[in-house]
Amino acid sequence: MILTGKKIIEEFKKGKIDISPFDKKRITTNSYDLSLGPTIIRYKSGVIDPKCKPQHEEITIPEEGLVLEAGDFVLGHSNERIGSDFYVPIIHGKSGTARMGLFVHVTADLIDIGSHGVTTFQLYATLPVRLYPGMLIAQVSFWLPLGDIILYKGKYQNSTGPLPSLTYKDFKYDIFKKK
Amino acid sequence: MILTGSKIKDEIKSGNIAIEPFCDEQVNPNSYNYRLGSTIKVFDGFDGDKAAFKEIKIPKDGYILEPRKMYLATTKEVIGSSKYAMSLIGRSSMGRYGLFLQVSANLGHTTSKHKWTLEIVASLPIKLYPGMIIGQVSFWKNYGTVKKYDGRYGHLNHPQESFVPIT
């Protein structure tokens with residue numbers, strides 16, 4: 001079951017959903033609208049190797065906007081900190097964003113219950129598109145879980161800006177371990 | 001309703017969810033992390049009106065995917081459920097590299113059980129390793145009576161290109 005906008009407000013007031021800053025005007029029928037934060041990350045490695053820490057640069061989106069070309073991939077972030085210990089958040093683009101051919105996540109919409117922080121957007125442009133700081137770019141919905149809850153304690157907890165992938169940390173204990 | 005990690009484990013014990021091989025450490029708060037199988041298929045032009053794919057065994061030291069191509073691979077695990085619907089997606093760690101694990105077809109039908117075909121698209125050149133943890137699958141409670149899946153893909157264990165003819 002998916003929460004309605006009214007239920008999101010109720011659960012926010014009870015402290016069961018964390019959205020900060022919270023603005024009642026951003027509530028939609030089934031979700032809450034998220035705005036784009038000022039910082040963008042662009043990878044500089046020629047080939048991404050998940051075993052190695054990737055090289056990247058940080059860019060601040062100017063007031064007049066930052067143009068992504070078709071095929072560009074960068075990381076952005078929500079201005080809002082979001083999370084819940086009671087519901088499962090799922091990230092979606094706004095329909096207006098999608099109609100410009102802009103992906104806000106790359107097949108990774110599901111957020112772990114107990115994960116709190118600003119969300120890293122995985123921005124993939126299929127057409128040239130101009131990004132503005134603060135634009136409403138995505139939305140988050142909340143879903144009812146079934147079963148006992150064990151909260152997220154992973155490596156992206158308490159993010160305060162866009163975070164590049166940390167897969168190189170997994171490989172330290174994972175790939176060479178044969179089951 | 002989406003199953004929590006603890007519920008996924010309970011339902012594996014009850015036989016309502018199958019994940020083989022299963023590893024406790026790959027359970028997330030509300031999903032299970034799957035691994036990449038050992039073969040990958042890459043589009044290799046047309047053979048008449050049929051799209052031809054070349055099959056490659058992913059070397060231990062990795063295989064580099066090029067942007068703007070579509071590759072087919074599978075999960076290492078056999079994944080299925082007699083009771084729940086499934087959603088198979090990537091994981092945030094791979095999404096942060098711009099790696100798509102499916103092309104807007106995340107839904108797994110209740111009663112299907114197999115090694116899932118992944119539709120992989122890379123936005124940046126990226127190296128993949130066989131057996132690496134690459135995505136996640138979640139399980140969802142059904143509403144209504146379940147009719148057994150009788151589709152063409154839900155029992156296949158190799159990367160399977162579309163059966164739909166191009167022309």
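These exercises walk through the folds and the contact between chains A and B.

This is a predicted model, in which local features need pLDDT of at least 70, side-chain atom pairs count only at pLDDT 80 or more, and totals for chains, interfaces and linings use all residues. Residues are numbered from 1 along each chain as its sequence is written, with chains lettered from A and ligands numbered from 1 in the order in which they are written.

**Exercise 1. Describe the overall form of chain A.**

Step 1. Start with the elements. Chain A has 3 helices and 12 strands. Helices (H or I, at least four residues) and strands (E, at least two) are DSSP runs, numbered from the N terminus.

Step 2. Take the extent. The C-alpha trace spans about 50 × 45 × 25 Å along its principal axes.

Step 3. Test against the globule rule. The rule is 2.2 Å times the number of residues to the power 0.38, with the radius of gyration taken over C-alpha atoms. For 179 residues a compact globule would have a radius near 16 Å; chain A has 17 Å, so the two agree.

Step 4. Check burial. In chain A, 39% of the 179 residues count as buried. Buried means 20 or more other C-beta atoms within 10 Å of the residue's own, exposed means 12 or fewer, and partly exposed lies in between; C-beta atoms are placed from the backbone.

**Exercise 2. Work out the strand order of the open sheet β2-β11-β7 in chain A and find its edges.**

Step 1. The 3 strands pair antiparallel in that order. Two strands pair if DSSP finds at least two bridges between them.

Step 2. β2 (32–35) and β7 (88–93) of chain A each have a single partner strand, so one side of each lacks a neighbour in the sheet.

Step 3. Neighbouring strands are turned by 35° against each other on average, direction ignored. Here axes are lines fitted to C-alpha atoms, for helices over the stretch in contact, and angles run from 0 to 180 degrees between N-to-C directions.

Step 4. Fix the register. β2(A) meets β11 (residues 136–143) of chain A through 4 bridges. D33(A) has Q139(A) as its bridge partner in β11(A).

**Exercise 3. Place strand β14 of chain B among its partners.**

Step 1. β14(B) covers residues 133–140, and 7 of its 8 residues are buried.

Step 2. One partner is β3 (residues 32–47) of chain B, antiparallel over 4 bridges. N33(B) is bridged to Q136(B).

Step 3. Another is β8 (residues 85–90) of chain B, antiparallel over 6 bridges. A85(B) is bridged to W140(B).

**Exercise 4. Characterise the side of chain B that touches chain A.**

Step 1. Count. 42 residues of chain B are in contact with 42 residues of chain A. Contact means C-beta atoms, placed from the backbone, within 7 Å.

Step 2. Locate. Elements giving two or more residues include α1 (5–14), β8 and β14 of chain B.

Step 3. Classify. This side divides into 20 nonpolar, 16 polar and 6 charged residues. Ala, Val, Leu, Ile, Met, Phe, Trp, Tyr, Cys and Pro count as nonpolar, Asp, Glu, Lys and Arg as charged, and the others, Gly among them, as polar.

Step 4. Look for pairing across the chains. β12 (residues 145–146) of chain A and β1(B) run parallel over 2 bridges. P145(A) is bridged to I2(B).

Step 5. Inspect α1(B). Its buried residues include G5(B), I8(B) and E11(B). Their cover includes β12 of chain A as well as β14 of chain B.

Conventions
Two residues are in contact if their C-beta atoms, placed from the backbone, lie within 7 Å.
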